[in-house]
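The following exercises concern a single protein chain. Each task is followed by a worked solution that proceeds step by step.

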Amino acid sequence: MDGVSKIREEDLPPLVEEFYARIRADPELGPIFNDAIDDWPEHLGKLAAFWSSVMLTSGRYKGQPVPAHLKHKARITPALFERWLALWVQTTNDMMTPEAAAALQAKARRIAESLQLAMFFQLEGRSAATVTRAKQADAPERRVQAHD
């Protein structure tokens, strides 16, 4: 049986609440999150809906995580993502079955990687738009060369 099947909808709100209690108490993450979030009960509900959507495909989450995180880019570093993940691992291990914890941890790692790519990735010396234009310009030439 896979780990996702061990996750129940009703397990997610207490997991999210405990995790963010730990985040808020963390000396490095707490100040960032506490400054960014005005209404913790509303935000925790949104995060429970997020995890329900990504793990149980409930479709409950209707937000956009990348723009939400980009607003705080000046204060977020890759090292803080690692700290966030370590607390997530600890909390899921404490509160979930081993299979469910492993599934939640794997998904969190992929989400953290995606967010970091969106926030920090830049090709050296070239913007993403420049690379896209260069690829588009090369595309017809590559097709012709491929047929030779």
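**Exercise 1. A residue in a loop**

Task: Determine whether threonine 57 is buried or exposed, and state what is unusual about its backbone.

Solution. The model is a predicted one.
Step 1. The relative accessibility of threonine 57 is 68%. Exposed means over 50%, so threonine 57 counts as exposed.
Step 2. Threonine 57 is located in the loop between H3 and H4.
Step 3. Most residues other than glycine have a negative phi. Threonine 57, although not a glycine, has a positive phi of about 50°.

**Exercise 2. A second residue of that loop**

Task: Classify glycine 63 by its accessibility and relate its position to that of phenylalanine 50.

Solution.
Step 1. Glycine 63 also belongs to the loop between H3 and H4.
Step 2. With a relative accessible area of 36%, glycine 63 is partly exposed, because this class lies between the limits of 20% and 50%.
Step 3. In sequence, glycine 63 and phenylalanine 50 are 13 residues apart; in space, their C-alpha atoms are 8.1 Å apart.

**Exercise 3. The overall fold**

Task: State how many helices and strands the chain has, and what percentage of its residues count as buried.

Solution.
Step 1. The chain has 7 helices and 0 strands, and its elements run α-α-α-α-α-α-α from the N terminus on.
Step 2. Of its 148 residues, 33% count as buried.
Step 3. Among contacts with a separation of 6 or more, 72% join residues 24 or more positions apart.
Step 4. The accessible surface is about 9300 Å², and carbon and sulfur atoms account for 54% of it.

**Exercise 4. The length and faces of helix H5**

Task: Test whether the span of H5 agrees with the expected value, and find where its buried residues lie around the axis.

Solution.
Step 1. Helix H5 comprises the 18 residues 78–95. At 1.5 Å a residue they should span 26 Å, and the end C-alpha atoms are 26 Å apart, which agrees.
Step 2. The buried residues of H5 are Leu80, Phe81, Trp84, Leu85, Leu87, Trp88, Thr91 and Thr92. They occupy an arc of only 165° around the axis and therefore lie on the same side of H5.
Step 3. An α-helix has 3.6 residues a turn, so residues three or four places apart point the same way.
Step 4. Ala79 and Asp94, on the other side of H5, are exposed.
Step 5. The cover over the buried residues of H5 includes helices H1 (12–25), H2 (29–36), H3 (40–56) and H6 (98–120).
Step 6. Methionine 95 also lies in H5 and is partly exposed at 36% relative accessibility. Beyond residues up to four places away in sequence, methionine 95 touches Pro14, Leu15 and Glu18. Methionine 95 and glutamate 18 are 77 residues apart along the chain, with their C-alpha atoms separated by 8.9 Å.

**Exercise 5. The buried face of helix H2**

Task: Identify the buried residues of H2 and the helices against which they pack.

Solution.
Step 1. Leu29, Gly30, Ile32 and Phe33 are the buried residues of H2. Viewed down the axis, they fall within an arc of 165°, so they line one face of H2.
Step 2. These residues pack against H1, H3 and H5.

**Exercise 6. Two residues of helix H6**

Task: Check the span of H6, then classify proline 98 and leucine 115 as buried or exposed.

Solution.
Step 1. The 23 residues of H6 should span 33 Å at 1.5 Å a residue; the end C-alpha atoms are 32 Å apart, which agrees.
Step 2. Proline 98 lies in H6 and counts as exposed at 65% relative accessibility. Its C-alpha atom is 7.9 Å from that of glycine 3, although the two residues are 95 residues apart in sequence.
Step 3. Leucine 115 is found in H6 and is buried, because its relative accessible area is 8% and buried means under 20%.
Step 4. The C-alpha atoms of leucine 115 and histidine 69 are separated by 7.8 Å, while the residues are 46 residues apart along the chain.

**Exercise 7. The largest pocket**

Task: Describe the volume and lining of the largest pocket.

Solution.
Step 1. The largest pocket holds about 820 Å³ of space.
Step 2. Its lining has 30 residues; Phe33, Ile37, His43, Ala68 and His69 lie nearest the centre.
Step 3. H2, H3, H4 (65–70), H5 and H6 each supply at least two lining residues. H3 gives the most, with 6 residues.

Conventions. Residues are numbered from 1 along each chain as its sequence is written. This is a predicted model: local features need pLDDT of at least 70, side-chain atom pairs count only at pLDDT 80 or more; totals for chains, interfaces and linings use all residues. Side-chain values use heavy atoms; hydrogens and water are left out. Helices (H or I, at least four residues) and strands (E, at least two) are DSSP runs, numbered from the N terminus. The expected span of a helix is 1.5 Å times one less than its number of residues. Buried means under 20% relative accessible area, exposed over 50%, partly exposed in between (1.4 Å probe, protein chains only). The arc is that of the directions from the helix axis to the C-beta atoms. Contact means heavy atoms within 4.5 Å. Accessible areas come from the Shrake-Rupley method with a 1.4 Å probe; for residues, only the protein chains shown count as cover. On a 1 Å grid over the protein atoms alone, a cavity is a set of points where a 1.4 Å probe fits but cannot get out, and a pocket is an open set with protein on both sides within 12 Å along at least five of seven lines; lining residues have an atom within 4 Å of a point. Grid points are joined across faces, edges and corners, and a volume is the space filled by probe spheres set on the points.
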